[in-house]
Structures are given as structure tokens and as C-alpha cells.
Amino acid sequence: MTTTDVKIVPIETPTLGNRTYVVHDGEVAFVVDPQRDIDRVLGILDEHGVRLTDVFETHIHNDYVTGGLALAKRTGAAYHVNADDDVSFDRTPIRDGDTVQVGSRMLVTAIATPGHTFTHLSYGLNELAPTETATGIGSSVCVFSGGSLLFGATGRPDLLGEEHADTLARHQHASAHKLADLLPGDADVFPTHGFGSFCAATQSDSTESTIDQERESNPVLTQDEADYVRELLDGLGAWPSYYVHMMPMNAEGRPNRTCPRRRLPTPSSCAAASRPGNGSWTCATVRPSRPDTRRVPSTSGSRVLSPPTWVG
């Protein structure tokens, strides 16, 4: 990503296959899809000497407990959640087309991209030059695509129930094309899911991408709707049964707290997740914990140790 003033710091959680993003201009910052352990975000804010003003959720997550509400309360930041999401806490409602200026250099635009959920939002980032601050236009830098457009894949459409899978798959196809039409080819794509997460419909080894790269290789952008939907739905596998608990917890705004949990004796044995609905809680990792030192090219990297895998 070629920008001199805006830095994007990814926080990897390899055991869940997800990323959180801290984005700042040297003075103020915003965060996209923070996970429950907000100490990692707070550490990066402190390390870079920046103040958090905004927290953005792309969707009500199915695979982990969000740290968004706790982070916003801790820092006084605005907590942006889709106005159409039915939640039990106070938030700053945001809708398709809404813009939020963060500091003097960053402009975030909400883009409706249903498919992973019905109310999914992506967030486009424009960098404003000093002469562009008044106009609020700027140059397009990237898109934070959550569970919509992933690297070589898309977010799976069946987590709200099999009865919605076909409809959401068609939404996913339309949303990906919407992003490809709206954004320039060199815009970077920063998804939340897709690094081993069961929220991804298929898996990819890619660690970076642009809109142009996705146009060339992602089935959602190379296939017509009928072929994409058929192949997507035919290829969906099992997802962890604990997912059914995550969305209600996140919509409730459950406070972050230490809860009873037990360490799995052999994390690598969790490669085969049980099917949902059997009442069990299964882990969401396919590999043992290990240090992760990967960096997103041309961004600031966050070296974090993968947390232990837990159930409960």
C-alpha cells in the first residue's frame, strides 16, 4: 500500500483465522473488527502514540466474541455498528453511504455488502491530502471487507441457517461485484476472515491482495452468479457448533470478563470440527499455537504470539 501518512497495523489471530486492523495517521486511529482481547489493540495504540476515536464493526460476528463495545467504552471512541442490526447496547448507527472523517487525513465510507450476513458492511478508506480536507474526496487507499470479499474467496453464506444460504450467496456475488466496480484496481483488500477461519467459504494461502488481483482470480468475480452460487453451496463443509452462540452474545453486548474455560490438551486434534446443533462446543483451530511474525507488505506489522486455543 503506497501511502506516507496512513499506517495500517494488522493484528493476527491465527488460531481463529482472523485479523483486526488498527489504522492511524500518527495522531488519531480507528479500529476495524477488534477481538475480545483488547489489550493487543491498546498496546499498539500506546506503541504508536495515537488516540482512538472510532471503532467499526463489519458485522455481528459468528465466530468470536467482539471486543468492540469494551474497547469503545475503555477509550471513549464512537462504536459504529450497522443501524439495521438488532443490538441491546448503545452504538453509533451507521448505514450504507455514510462517511466518517477520522482526524484530518482519513475518510471512512460504509458500503453495504450483504452476503456473509444480511447487514454486512465493508469500509472504504480514502486518504485526504491537506488540500482535500474541505472537499472530503481524497484518494482511495483500501477496503476493509470483513466477511465479504476475501483473498480468493468470500465469507460463507450459511451461518444464519441453511434456509438463507442461497439468498445470501446471491447477495455475496452482487456485493463482491459492487466492491470491484466502486474501487480502483490498486486498492488493497483487507478482510477480517480468510486465514484459516471457518467463516471463509473456501481457504486461500494468500496474505495480501488488491481489487485487480481479486478480479483476475476470485471465483466470485470470474464466474456468473449461477455458477458461483452452485459451486459455493456444493463446496461448503462443517462449521464449529459453538458459532451458534457467538452472534447472540455479540448482539447482547456481553461485557468482557474472564470466564471458566479449559485448555485443550492437543490443539492440533481439532482439525475436524463437529457439525453445528449437536450441543457440543468445539474449537476453531486447525493448527497448534505458534508465534506469528507475518507482516502485511507496506504496512506496519504487529508481532503477536498466537493465544492458546480454548473451549467454553
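Is R105 buried or exposed? In this predicted model, R105 is buried, with a relative accessible area of 17%, a value that falls under the 20% cut-off for burial. R105 is nevertheless engaged in a salt bridge with D5, in which the closest N and O atoms are 3.1 Å apart. The two partners are separated by 100 residues: D5 belongs to the segment before β1, and R105 to the loop between β7 (99–102) and β8 (106–112). D5 itself counts as partly exposed, at 29% relative accessibility.

The protein as a whole comprises 312 residues, of which 56% count as buried. Seven helices and 15 strands make up its secondary structure elements. Among contacts with a separation of 6 or more, 66% are accounted for by residues 24 or more positions apart. The accessible surface comes to about 13200 Å², and carbon and sulfur atoms hold 49% of that area.

The largest nonpolar core contains 23 residues, and V22, V41, L45, L52, L71 and Y79 touch the most other members. Two or more residues are given to this core by each of β1 (7–13), β3 (28–32), α1 (39–48), β4 (51–56), α2 (68–75) and β5 (78–82). Helix α1 provides the largest share, four residues. The surroundings of L52 illustrate the packing: beyond its neighbours within four places in sequence, L52 is in contact with A29, F30, V31, L45, L71, T75 and A77. A second, separate core of 21 residues includes Y21, V32, V100 and L125.

Two buried polar residues were examined in detail. T58, in the loop between β4 and α2, is buried, with a relative accessible area of 1%. Its side chain makes polar contacts with the side chain of D33, at 2.8 Å, and with that of H59, at 2.7 Å. Residues up to four places away in sequence aside, T58 touches V32, D33, T119, H120, L121, Y123, F144, G146 and T192. S145 lies in strand β10 (residues 139–146) and has a relative accessible area of 0%, so it is buried. A polar atom of the S145 side chain lies 2.6 Å from the backbone oxygen of L149. Outside the four nearest places in sequence, the contacts of S145 are H120, S122, L179, V189, F190 and P191. H120 is thus in contact with both T58 and S145.

In helix α6 (residues 225–235), the buried residues are Y228, V229 and L232. Viewed down the helix axis, these residues fall within an arc of 95°, and they therefore line one face of α6. The elements covering them include α3 (162–182) and α5 (219–222).

The structure holds 10 salt bridges. Side chains of opposite charge can pair when their charged atoms come close. One such bridge joins the side chains of D37 and R40, at 3.0 Å from N to O. In this pair D37 counts as partly exposed, at 29% relative accessibility, whereas R40 counts as buried, at 15%. Another joins D166 and R170, at 2.9 Å from N to O. Both residues lie in helix α3, four residues apart, or about one turn of the helix. An α-helix has 3.6 residues a turn, so residues three or four places apart point the same way. Both partners count as partly exposed, D166 at 34% relative accessibility and R170 at 32%. Finally, D5, R105 and E127 are joined into one network by salt bridges that share partners.

Notes:
Residues numbered from 1 in each chain as written. Predicted model: local features only at pLDDT ≥ 70, side-chain atom pairs only at ≥ 80, totals over all residues. Heavy atoms only, no water. Buried < 20%, exposed > 50% of the residue type's maximum accessible area, 1.4 Å probe, protein only. Polar contact = N/O pair within 3.5 Å; in protein donor to acceptor, adjacent residues only side chain to side chain. Contact = heavy atoms within 4.5 Å. Areas by Shrake-Rupley, 256 points an atom, 1.4 Å probe, with all protein chains shown as cover. Core = buried A, V, L, I, M, F, W, Y, C linked by side-chain atoms within 4.5 Å. Arc of directions from axis to C-beta. Salt bridge = Lys/Arg side-chain N within 4 Å of Asp/Glu carboxyl O.
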